[in-house]
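Let's take a walk through a protein model together, one piece at a time. Keep the structure open beside you and follow along.

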Amino acid sequence: MVVSAYERAAGDDIDPRCIPQRLREKVPVGDEITVPDYTEQDHSNWGHLFRRQLDLLPGHASDAFFEGVEILGMNKHRIPDLSDLSQKIFNATGWKIARIPGLLHESDFLKMVSQRIFPSTDYIRGVSELDYTPAPDCFHDMFGHMPLLTQPAFADYYQMFGQASLKAKGSQRIKLERLHWFTVEFGLIKTGADNGIYGAGILSSKNEVGHAMSGGAEIVKFSTDRITSQDYDVWRLQPTLFVLDSFEQLVTEFRAWAEAESLLN
Ligand SMILES: [Fe+2]
């Protein structure tokens, strides 16, 4: 049986919020999503995280990320509305947002991604978890993932990833899990003379930004062969990261790999 990296790493002590759930009913998409009753504390937690990451990221995050934040009009004052983000992302790349209750079972997650729908939570971590939370929340989903969904080549890659994953079997699923980890969650891309962060797992984490940019991680040129044989540990700072020349490279090399594995035809 193939288990998720979270389940494998956590053994019996898994945080219940990190156990993937299967969707039992249809979830709202785009305009169907209503805004929760956020408290002032919720908005304040968002503001704290937003300011902290935006102070850290200049000179470290990719241009693509900053362009996305601008397109989405995110700010420190309040948690954005998912329906508004969905509309802006749709205008940029044709992707939409679905509101989901927590970590999804991978078959539900991949089905949505293959249809250009990004599943997002809309609740935010509590004050005690501002530095670290193992569970999904809307700061990670909105701030970490959504800016990149406004970028056309990345958006095309992500849909193709979802389509390929739906056909994957056995060891192919492990390889795709690694590709997702080292691109969508922990990817770097050449930005000027530097390596810019585009992975949501780094963008939304104070500790991962510091680690990635302080020489704490070995940085290797993007290679599908190398990534698909690189294991990772979700509970530790990443020792190895992979850097792209461009998102077009990601599209081209992923397509070639997936076609060779008979996952896109
Ligand atoms: Fe994520």
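**Strands, helices and a few odd spots**

Let's start with a pair of residues: Lys 96 has Ile 117, in strand β2, as its bridge partner. Keep in mind as you look around that this is a predicted model. Lys 96 sits in strand β1, which covers residues 96–99, and β2 covers residues 117–120. The two strands run parallel, and four bridges join them. So what about the two faces of β1, are they covered or open? Both are covered: Lys 96 and Ala 98 on one side are buried, and Ile 97 and Arg 99 on the other side are buried too.

Now step back a little from β2 to Arg 116, which lies in the loop between α5 and β2. Most residues other than glycine have a negative phi. Arg 116 is not a glycine, yet its phi is positive, at about 60°. Is Arg 116 buried, exposed or partly exposed? It counts 18 other C-beta atoms within 10 Å, and being buried takes 20 or more while being exposed takes 12 or fewer, so Arg 116 is partly exposed.

That loop brings us to helix α5, residues 106–114, and to helix α7, residues 152–167. Their axes come within 7 Å and cross at roughly 135°. That angle makes α5 oblique to α7. The crossing is a left-handed one. On the α5 side, the residues that meet α7 are Leu 110, Lys 111, Val 113 and Ser 114. On the α7 side, the partners include Tyr 158, Phe 161 and Leu 166. What kinds of residues make up this contact? They divide into five nonpolar, five polar and one charged.

Next up is a sheet. Four strands form it in the order β4-β3-β6-β5, and the sheet is open, with mixed pairing. Which strands are at the edges? They are β4 (194–197) and β5, and each of these pairs on one side only. On average, neighbouring strands of this sheet are turned by 45° against each other, if you ignore direction.

You can trace the pairing across the sheet strand by strand. β3 and β4 run antiparallel and are joined by four bridges, with Ile 189 partnered by Gly 196 in β4. Strand β3 (residues 188–191) runs parallel to strand β6 (residues 240–244), and two bridges join them. Look for Leu 188 here, standing opposite Val 243 in β6. Strand β5 (residues 218–221) pairs with β6 in the parallel sense too, over four bridges. In β6, Leu 241 is the residue that Ile 219 stands opposite.

Move on to Thr 224, in helix α11, which spans residues 224–228. Is Thr 224 buried or exposed? It has 22 other C-beta atoms within 10 Å, and 20 or more is enough to count, so Thr 224 is buried. Leaving aside residues up to four places away in sequence, Thr 224 touches Leu 179, Glu 253, Phe 254 and Trp 257. Asn 207 is 17 residues from Thr 224 along the chain, and their C-alpha atoms are separated by 26 Å.

Our last stop is Ser 262, in the segment after α12 (247–260). Its phi is near 60°, a positive value in a residue other than glycine. Ser 262 has 11 other C-beta atoms within 10 Å, and the cut-off for exposed is 12 or fewer, so Ser 262 is exposed.

Terms used:
Residues numbered from 1 in each chain as written. Predicted model: local features only at pLDDT ≥ 70, side-chain atom pairs only at ≥ 80, totals over all residues. Contact = placed C-beta atoms within 7 Å. Pairing = 2+ DSSP bridges. Axes fitted to C-alpha atoms, helices over the stretch in contact; angles between N-to-C directions. Parallel < 35°, antiparallel > 145°, perpendicular 65-115°, else oblique. Left-handed = near helix turned anticlockwise from the far one by under 90°. Nonpolar A, V, L, I, M, F, W, Y, C, P; charged D, E, K, R; others polar.
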